[in-house]
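Visitor: I am new to this structure. Please walk me through it and tell me how each label is earned.

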Amino acid sequence: MAQSQVCVTVRATTTDQLRQRRDAAVEADLVELRVDGVEDLDVSGVLKGRSKPAIVTCRTVQDGGSFDGGEEAQRRIIAEALKCGAEYVDIEWNGSPDPRITKHGSRIVLSSHDFSGRPSDLADRYSAMRATGVAVVKLAVKAKSLMDLVPLADLGCRAKRDGEQVVIIGMGGPGVASRILADRFGACWSYAGDAAPGQVDPDRLIREFRFRELSDSTEVYGVLGNPVMHSLSPAMHNAGFRAISKDAVYLPLEAADVDDFFSFADAFRISGVSVTAPFKEEVHSRVRESDPIGKRIGAVNTLQRVQNNWRAMNCDVDGFLEPLLSRFTIDGWRATVIGAGGAAKAASVGLVESGVLTKICARRQEKAEEAARVSGATVGVFPVEPNSWDLLVNATPVGMTPQVNESPLPASSLDGRLVYDLVYNPSRTLLLKEAAKRGCRTLGGLEMLVAQAKRQFEWWTGVQVPNSVFETAAKNGLTSTVE
Ligand code: NAP
């Protein structure tokens, strides 16, 4: 089980509010009280009546916080926190000896932040900070790639082996693994909240990623893409692992490029990933073993590690067809797919294979032709002509959050029988609402998302999980995910 603790970071603009948020962090092992944004700061009031150990942090604007009252005032706040019995105070390392460390070293978290990237002298910086004799050394650097995390993990694990208390964090999207797999980074705790780029909400960290149950033997899966922080796949697959009591976790893996992913996946022994934009095609070209659909489309959405190799497959086609064919009889229908990207190819392959007369309509003719070549569909004109379809599939991102007031077609052209929008966020797009008003039946993209995730999960684990597990997790994720 995880040895790293959960430190919930709370921020507020008033002392009262900060205390309330502190007390609301019931799942925390300790709380970081960010006093730098508090306008009526009463340090003893912030600490009074706490039930968990606290770190008092007063971070300046220059170091990524919001305190702009000057160095003297900042020192007074920290001195007051020490006087009031704070278990820890956070002090930013400035490279020179600090008399407060000599006196209060056992209660000091000595921090160094680098918002521009991973400095080349990180190990030397760590040694210098460690030599001061503080309780905890915290290094937070911007991770620009997944591979930026590997030296951080090495440094953290070395320090932990030497009995030192350390927190080493990669900030930003690619750094999320360092927060969830904090144990593998030697960290004595992981900061949870919304105070820094890439920080994970405490509830998500504990419940979705099962932080407290992770250990060195936990298998690691993830979603490879860029960006991926908005993805619902972690919510679904982690719910699946929980449902079958599998010791596995599924992370967002925001890679700089495909090489970055493969190197990181070897270093961290990643067992499998879902692949999303913009990597589906390049991953396909890099993997020797792929299923027939992946080969045909030239893109894959799933990877599985088999010893030191990868196997790939594409379950977008089956994921697209499952909700459609389980609910509707489309024999003899004419289908129009709008868009010519990966989703359009998967949809049109599925439709053509199901015997449906299919047209691809896209704003770029050459892309439509390419998608038609792959799938055996024909190319239609764009914008779509009136009375030309029974089934309309939107395979463009038009209508997706935050552009929720957009639709790929005017309401007046929604004159067919069924509209299938592959966009799943929001679950009811403007296109679907207008189609329903015009008397069409409708199908949203969430069901495809769930169907393809379920297939990925079964491929990795060999176990079937009820659709409802993925569906509930995806719906809950939709309401909590910030796009
Ligand atoms: P993609 O490869 O980037 O293709 C997007 C296509 O949409 C391209 O043909 C693009 O044309 C076209 N497009 C973009 N903006 C447009 C606009 N304003 N008007 C007309 N055409 C436009 O993306 P994808 O992977 O195929 O995904 C497309 C959508 O399907 C996304 O919203 C994605 O979330 C959704 N999707 C859902 C699922 C699911 O499980 N429900 C699975 C996969 C994808 P250009 O090439 O000219 O830019």
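**Around the ligand**

Guide: This is a predicted model. A polar side-chain atom of R363 sits 2.9 Å from an oxygen atom of the ligand.

Visitor: What makes that a polar contact of R363?

Guide: A polar contact is a pair of N or O atoms within 3.5 Å. The R363 pair is at 2.9 Å, so it counts.

Visitor: How far is R364 from an oxygen atom of the ligand?

Guide: An N or O atom in the R364 side chain lies 2.8 Å from a ligand oxygen. That is within 3.5 Å, so this pair counts too.

Visitor: Which part of L449 lies 3.2 Å from an oxygen atom of the ligand, backbone or side chain?

Guide: The backbone: one of its N or O atoms is at that distance.

Visitor: How many residues surround the ligand?

Guide: There are 19. The closest are A340, A343, R363, R364 and G445.

**Helices that cross**

Visitor: Why is α5 called roughly parallel to α6?

Guide: Helix α5 covers residues 122–130, and helix α6 covers residues 149–161. Their axes come within 11 Å and cross at roughly 30°. Angles under 35 degrees count as roughly parallel, so α5 and α6 earn the label. Their crossing is right-handed.

Visitor: Which residues make the contact of α5 and α6?

Guide: From α5 come L122, A123 and Y126; from α6 come L152, L155 and A159. By class, six are nonpolar, with no polar and no charged residues.

Visitor: Why is α13 called oblique to α14?

Guide: Helix α13 spans residues 316–327 and helix α14 spans residues 342–353. The axes cross at roughly 60° and come within 8 Å. Roughly parallel needs an angle under 35 degrees, and roughly perpendicular runs from 65 to 115. Roughly 60° fits neither, so α13 is oblique to α14. This crossing is right-handed.

Visitor: What meets what between α13 and α14?

Guide: D316, V317, F320, L321 and L324 of α13 meet A346, A347, V349, G350 and L351 of α14. The classes are eight nonpolar, one polar and one charged.

Visitor: What makes α14 and α15 oblique to each other?

Guide: Helix α15 holds residues 365–375. It packs against α14 at about 40°, with the axes 9 Å apart. Under 35 degrees would count as roughly parallel, so α14 and α15 are oblique instead. α14 passes α15 in a right-handed crossing.

Visitor: Which residues of α14 and α15 make the contact?

Guide: K345, S348, V349 and V352 of α14 touch E370, A371, V374 and S375 of α15. Four are nonpolar, two polar and two charged.

Conventions: Residues numbered from 1 in each chain as written. Predicted model: local features only at pLDDT ≥ 70, side-chain atom pairs only at ≥ 80, totals over all residues. Heavy atoms only, no water. Axes fitted to C-alpha atoms, helices over the stretch in contact; angles between N-to-C directions. Helix = DSSP H or I, 4+ residues; strand = E, 2+ residues; numbered from the N terminus. Parallel < 35°, antiparallel > 145°, perpendicular 65-115°, else oblique. Left-handed = near helix turned anticlockwise from the far one by under 90°. Contact = heavy atoms within 4.5 Å. Nonpolar A, V, L, I, M, F, W, Y, C, P; charged D, E, K, R; others polar. Near = heavy atom within 4 Å. Polar contact = N/O pair within 3.5 Å; in protein donor to acceptor, adjacent residues only side chain to side chain.
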